[in-house]
Structure formats: structure tokens, C-alpha cells
Amino acid sequence: MSATATADLRRTRWFAVCAIAVAVAAFVVIAASGIGENLVYYWGPKELRAAGNKATGATIRLGGQVAVGSVKRGDGVSNLEFDVTDGTATVHVISRGVPPQLFRDRVGVVVEGTMAKDGNFESHRLMVSHDNKYRAPGDKNVDIKELMRSTEGLEEAPAAVAKVVP
Amino acid sequence: MLPILGRTLILLALLTASAGAIVGFATGLKPSPSGWRWTRILAYAFAACMLLASLTMEYALLTHDFSVGYVAHVGSRSVPTWVSIVSLWSSLEGSILFWGLVLGIYIAAATSRNANKYPEYMPYAVGVWLACGAFFSFLLAGPAQPFATVLKPPLDGPGPNALLQNHYLMVIHPPFLYSGYVGMTIPFGLACAALLVGRLGNDFIRPLRNFLLLSWIFLTIAIVLGGWWAYEVLGWGGYWAWDPVENASFLPWLTATAAVHSALLVERKGVLKGWTVILVLATYLLTILGTFMTRSGVFNSVHSFSQSAIGPTILVFLAAALLFSLVLLALRIDRLSPEGRLETGPSRDLFFLIQNLLLVLFTFTVLLGTVFPLVVEAVKGVQMSVGRPYFDKMSVPIGVALLFVMGVGPALPWGRASAQQLRRAWLLPLGTAAVLLAAGLTLGVRNPWTLLALFFGGFTAHVTLSEMFLPVRQRMRAHQEGFFEAFRQAQSRGQRRLGAYVAHFGAILIITAIAVSSTMGISKEVQLKPGESATLGAYELTFAGVEQVVEPHRVSTRAHLDITKNGRSLGALYPSMNQYENQREPVGSPAVHTSLTEDLYLSVHNIDSERDGLLALVNPMVCWIWIATAIIALGGLLALVPSLRGSTAAARIPDSAPAVIQGAKG
């Protein structure tokens, strides 16, 4: 191989290495920002109340129990309102869509959505806990992790999720 | 009686696997015929123990012997026989036993196929396989004990999870998944053997590639079957949600796909040996990571049917396997020196590399999104998940890029291409691409990524089909043969090549179908009273009323909906809520009307005699995902069969570089 050819090859390699380095760096930046924009936080009513204004706007999964007597059903598919409680704090939830079969007073629920400025939680997904072992909490805090885990359908994201802009 | 028999068999499996691993490594270090014979005997003995233990469990399940712990846990007298049979893999302990069975079969097959070949490598390989076997026997002997004795056997058991009883796909999905997952152990052992010996020759890459390809075919089918199951059972209207458990199966698939391709370069050109070995090791480690994620209950997931305390044990095994792999790589990878040279200019070689890099990037993206919440929770104690938009945003460009590379690579010759070659090879495919793009625009596709997928899909499909039929055309011209004779001849001579292009064609179809179905669908939630109707696109749904169907093991409450499309009746659909015996919660069962162009998908949210709350979707092109998977699997099999017969003709098929140009002209 002649000297110029070797030099050529070396230069090509440099270009290749630099190109790959730039591509990987760009990829890392995109991935990091992509993750940052799409985090979904798991909170209970107490934490959500404690966070105050900071909670407004972020995508949140709120877990708790449907407060007794708080369910108000509107006509058709929209306008379902209820309170989610953990025994100490309560958050008023406005939900769209058809509730699942098991939805009723006292049942453990997880709602996904955002905190509106008026203090209501606007939910676009309502899921009911399916765990046989789940007990409605008394005055103790809800075990959010256990609740999230036992709620069927948590990781399945219907089309509605794609529409959420944090 | 049965618990003691089962436990004895498990302990024997542990014993034979541990002894076989030690004898295997010793024989690798100091070769001897008797050492190799003992290694094989112990490998077969391990397989036999696993087979007998699994048969014992099946017998216990079928005879409802509730003195066996696992049967008391998942068995029930009220379920049909087929549910009893498949209960073997319906819960944690049984599924680990099933893992052991599949591993035993793989080890026995791989050992007997190569009993008289590769004398330096094989003892090490069998040693590594049996070390993995010893770990799973240990799980069965301790942390995930299926044969525990129940002192006061109950009269009846609860039966398996209702979601598993709800659809036949759950019968076939796990066997495919395990055949894919567990099969990756074989290439892992062979790659470790290559590192231990310090050589990866042109001959030894063949068994590695064959078992990799076989497992890859199983895993491909399994992943799609899983998606199909989710689609037919879970009732949210989609087939893929980037759930951690889905990602667990997808991650090793990505690296295995990369390895299947780079192994071809090892075979053809003697390059990328170390890289291929790294991909194979990573694939196995990712299957173990996946097992940890699905079996430890660290994630919130719809698919984690079984959670238990085996998480830490698997984590220890993962750490040990990772450490072993890293040390082995650090010590030996420099010995796998290349025999050839990679072309750096625009060539097929280059696009093999780009494809590999894209797949590795994809793996990192998915791994990052999957593991990130675990890391954050461990460090900061904050609970969160990474939302689906992250995965969509990252995977769509990579998927489209892969589609592009799949078309451009095969359009280029091996070695360096001239500018003229490039122009000629690209012109016609670009025409097809433009046609498909125009078709998409006319049909109302506006999403730029979907349009891009259609464009590249057209380009790649043209290249793939013309490459697929290239040898046929050459034969027709050179030998004056008719099309079918030429096809038969070309196919028998170049079946691996044909298989590769068939698989590529399936991949184009599946990416296009995913792009269209995920962007062009419509969905609506409705609440109907009897007699009311709703419209969804061209469809009209009329709620006729509620019906009850009583079966021995369940009661279905189903909604009767009469369906018309553009005024023409399509009959009735019956989405339902099923209440299973011994289960507290009802399980929804969606109803799907499938056609080649689109699916109408109905899923009940809540139902009583007065109203029916429904989720209704129109999902275009979904059935092409299932068809494309069959095509990919067929392509994989076509590529696998000749090498199993020991034929090597395929790898030596003459380079088609000049022929591409002819093909493009003709």
C-alpha cells in the first residue's frame, strides 16, 4: 500500500471516529431530554397536596381510594367526578371516558393526568385496582407502591396518553 | 409421593449439571477422550432429569394431586384439561421448571449434533451451558421450589390467573418465548468457548450462527404472539405499550438481530469477530436481565403474573455472568484477530456496520427507558415511570433508519461501489418509493414519519424483491430455463440468500404496518342504551342488548352489537366480561372484526342490562403485522435449513455486484 493511500485511510478513519462520536453525543442528548420530558410521577393525595403549585402541569399517577359518596356521574361518557383520598388528604378528580366495571365507592384507583390550576385533578385514564389482597385504607396512608402494582392496565397506554402534553 | 420424586429429580439435575460443568471445563483445559465422554453423559443426564421432573409435574397437574405445592397453588378441578396442561408455565415455579426442560433439550441437541466436531471448543461450551443449567436447578431446588410438600392437601385449588385462561394464545406464547430466550444460552456457551480457546474460525461460527438464528426465529414469533395476545385479551386496543415486560423480550431480540447479521461478516470476510462475540454475550445477559425484570416484581406491569423472592438470586447470577463475560472479553478479545478487511467506502459492508450500530443504539434507548425508573427510585426514592412518548419518539426515527439501511445495503455490491453503479442501482427503487409515497398521500396519510416509512418501505421492497429473484433471472437467461425450473434451481443453490430476503420483506411489511396502524387509527369511547347506535368512521354499531353465556368454568356477560359498514351488515360482535370460577374480578374480552385493510375493535369497559360503556377503535393494517411475522419466520427457516444439513453452498454464492446492475436494467 502506498504512503498516500495509508494517509488517506488514516484520514477516513479519523472522519469515521469523529462522525460516530458526534452521532453518539447527539443521541445521548436527545435520549436524555426525551426521558426528562416524559416522566410520569407516582403520588398519593398527601404528597400531591404537599407539593402545591409545583405539581401543576406534570404528568402524575395519583393513587388512592374513592371517597364514600363522592361519585357524581354525568350523562354519556364524560363528566365523571369523584374524590380520591388516602385517609388524610383528598383530591377532587374530574375524569373523562367510561369508568371500568369495578369502579365504585371505596375501591382503590389510580388516575393518570395533570393537576389543574384550580386544584382539581384532570384525569384522562382511570384504572381500578385488581388485587384481591388490597384493603381499603382506614386512617393509615395508602401504600402507593402496592396499589400501583396491583392496578391492572397501568402500563398499557391507550391513545389518550399520546395526547398529553406536559 | 410425587413431591419427593420431583425433588429427587431436581437434586439429580443440580448434581449432574454442576459435575458436568466442572468436568467440561477440566476437559477444555486438559483434553481427553474420557473427559469429553463424561461431559456428554452428564449433559444428557441433566436433560433427562429435567424432562422427567417436568413429566412428573404434568402428571400431578392432570391428576389434581394437591399434595404438590405448585398444583395446590395453580391447579383446579374446575378448569378444562388443556388449562391443566399449560398450567406448567402459568406461574413462577412451574415456568422455571419449564425453563429447565427447554434448556435440557437445547443442551442435549447441541451436544449430540457437535459430539464429533470442534474438539477444542465443545467441552468448554458444554461446561458453560451446564453451569447455567446448574443455576436454574438451584433455583428449582431452593428459592422457586415447585415440588414443595403440602401437608394438608386442599380439596380444590384456585386455578391459574384468569387472564391466562381467557385466550388460547397463552398456550403457545410461552413455549415460543422460552424456546427463544433459553436458546440464547447455546450461542452464549459457544461464544465463551471461542474466547476461552482464543480463536473464532470460519468453521466454528457456523454452529454459533445456527443456534442463534434458531433462537432468534422463536423469539421473533414469541414477541409478536405476546403483542397479539395483548391485543386480543387486554382490551385497550393496541399490541405494544413499551411495558417493561415487553421490553424485556425486545432487548435481547435487538442484539440477537445485530449478531445474526454480523455473524455473516465473520463467515464471509473473517472480520468483526470480537464484535459478534460481544453481541452474543450481551444477548444472553439481556435475557437474564429480562428474567429478573419479569420475575422479581420490581416493575408495575400487566404481564407480571408471578412475583416472588427469586429476584435477588437472579440478580446475583446476572452479576456473575456479567463479570465472567467482562473478564473473558478483557483477557481474550485481542486474540480474535480479523482475517480480512472491511471496506470503508459506500458498500454493503458499510451498511452492515450502520445497521449493527443502529440496533445497538436502539437497545440502549430501550434499556435506558426501562431501567431509568429503577435507578431513580433506588437513588432518590421517587417513584415514577418513563412514559410511552419517550419510546415512541426515540424508536420511530431508528425504525425508519433501519428500513432505509435494509434497502440501501443490499442495493450496493460487496466491496467498493462506483458512482455509476450507485446511480443505476438506486434509480428504479426510487421510482417504487415515489409510487408508494403518492399512494399514501392519496389515502390521506399526513404524518411525516409514516410517509417516510412508506417511501423507504417502497424503496427497500423493490431492492429486496429484485435481489430475491436475481439468481432466478440470471438462470433463466444463462440456462434458457423456464421461471419455475429456474426458481427451483436457484432456490436450492442459494436458499440462505433467499431466506434472508424473505425475512427482509417481512420486516418491511411489519414496519410499514406498525407505522400505519399506530398513526392512522380512530378511537372513541361510547355509552349506549339498548337500541341506541354510535358511528365510528364508516362503521355503525347498534347495541341490541346484553346476553349471558354460562360455561362450566366461567360466566360471560356479553354485549350484542350489530355492525354495519357503509350501510352493509357485517353481522354481530360480542365483546364480553367474563367471570371465572374462584376469581373475584371479571376479565374483559374484546371482540375484533378483522379484514385485510383494517380491524374493528370493541372492548367493554362496563356493562349492565341498562347500558354498555364501550371502547371502540378502527385499527388499519394490524393483521399485516401477524402475516409479516409468519413471513419473517419462514425466511429465517429458509436460511437455517441448508446450514443444518451441513451444506455450505449458500455462503459461496457468487457475488452479485455486477448482476445487481443487470437486474436493475432488466
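Reader: What makes up the secondary structure of chain A?

Author: In this predicted model, chain A comes to 4 helices and 7 strands. Read from the N terminus on, its elements run α-β-α-β-β-β-β-β-β-α-α.

Reader: How much of chain A counts as buried, and what makes a residue count in this way?

Author: A residue is called buried if 20 or more other C-beta atoms lie within 10 Å of its own. Of the 166 residues of chain A, 33% count as buried. As for contacts in chain A with a separation of 6 or more, 56% of them come from residues 24 or more positions apart.

Reader: How do you know what confidence the predictor has in chain B?

Author: The pLDDT is the predictor's confidence in each residue, from 0 to 100. For chain B the mean pLDDT is 88, and 94% of its residues reach 70 or more. Two stretches may be set beside these values. Over residues 301-306 of chain B, pLDDT stays under 50, and the model has 24 contacts beyond four places in sequence for them. Over residues 647-666 of chain B the pLDDT is below 50 as well, and this stretch has 34 contacts beyond near neighbours in sequence. For the model, the scores are ipTM 0.70 and pTM 0.88.

Reader: Why is helix 12 of chain B called largely enclosed?

Author: Of the 23 residues of helix 12 of chain B, 21 are buried, and therefore the helix is largely enclosed by the rest of the structure. Helix 12 covers residues 273-295 and reaches 33 Å from its first C-alpha to its last, close to the 33 Å expected at 1.5 Å a residue.

Reader: What can be said of helix 10 of chain B in this respect?

Author: In helix 10 of chain B, 27 of the 30 residues are buried, so this helix too is largely enclosed by the rest of the structure. Its first and last C-alpha atoms are 42 Å apart, close to the 44 Å expected for it. Helix 10 is followed by Gly235(B), whose phi is positive, near 80°.

Reader: Which helix gives the most to the largest nonpolar core, and which residues of the core touch the most other members?

Author: The largest nonpolar core has 190 residues, of which Phe46(B), Leu130(B), Ala191(B), Leu212(B) and Val280(B) touch the most other members. Helix 10 (residues 205-234) of chain B gives the most to this core, with 19 residues. Beyond its neighbours within four places in sequence, Phe46(B) is in contact with residues including Ala13(B), Ile107(B) and Leu130(B). A second, separate core of 20 residues includes Leu528(B), Leu600(B), Ile607(B) and Ala616(B).

Reader: Why is Tyr118(B) called buried or exposed?

Author: The cut-off for a buried residue is 20 or more other C-beta atoms within 10 Å. Tyr118(B) has 20 such atoms, and therefore it is buried. Tyr118(B) is placed in the loop between helix 5 (92-113) and helix 6 (122-141) of chain B. Its phi is near 45°, a positive value in a residue other than glycine.

Reader: How do you know whether Met621(B) is buried or exposed?

Author: Met621(B) has 22 C-beta neighbours inside 10 Å, so Met621(B) counts as buried. Met621(B) lies in the loop between strand 11 and helix 20 (622-644) of chain B, and its phi is near 65°, a positive value in a residue other than glycine.

Reader: What makes strand 2 and strand 9 of chain B edge strands?

Author: In chain B, 4 strands form an open sheet in the order 2-11-10-9, with antiparallel pairing. Strand 2 (522-528) and strand 9 (591-594) each pair on one side only, and they are the edge strands. On average, neighbouring strands of this sheet are turned by 15° against each other, direction ignored.

Reader: How do you know that strand 10 and strand 11 of chain B pair?

Author: Two strands pair if at least two bridges are found between them. Strand 10 (residues 598-607) and strand 11 (residues 612-620) of chain B have 9 bridges, in the antiparallel sense. Leu602(B), for example, stands opposite Ala616(B) in strand 11.

Reader: Why is strand 7 of chain B called mostly covered, and which strand does it pair with over 5 bridges?

Author: In strand 7 (residues 576-580) of chain B, 4 of the 5 residues are buried, and the strand is mostly covered. Strand 7 pairs with strand 5 (residues 554-565) of chain B over 5 bridges in the antiparallel sense, and here Arg554(B) has Tyr580(B) as its bridge partner. Strand 7 is also joined by 3 bridges to strand 8 (residues 587-589) of chain B, and these two run antiparallel. The bridge partner of Ser576(B) in strand 8 is Ser589(B).

Terms used:
Residues are numbered from 1 along each chain as its sequence is written. Chains are lettered from A and ligands numbered from 1 in the order in which they are written. This is a predicted model: local features need pLDDT of at least 70, side-chain atom pairs count only at pLDDT 80 or more; totals for chains, interfaces and linings use all residues. Axes are lines fitted to C-alpha atoms, for helices over the stretch in contact, and angles run from 0 to 180 degrees between N-to-C directions. A residue is buried if 20 or more other C-beta atoms lie within 10 Å of its own, exposed if 12 or fewer, and partly exposed in between; C-beta atoms are placed from the backbone. Two residues are in contact if their C-beta atoms, placed from the backbone, lie within 7 Å. A nonpolar core is a set of buried Ala, Val, Leu, Ile, Met, Phe, Trp, Tyr and Cys residues joined through C-beta atoms within 7 Å. The expected span of a helix is 1.5 Å times one less than its number of residues.
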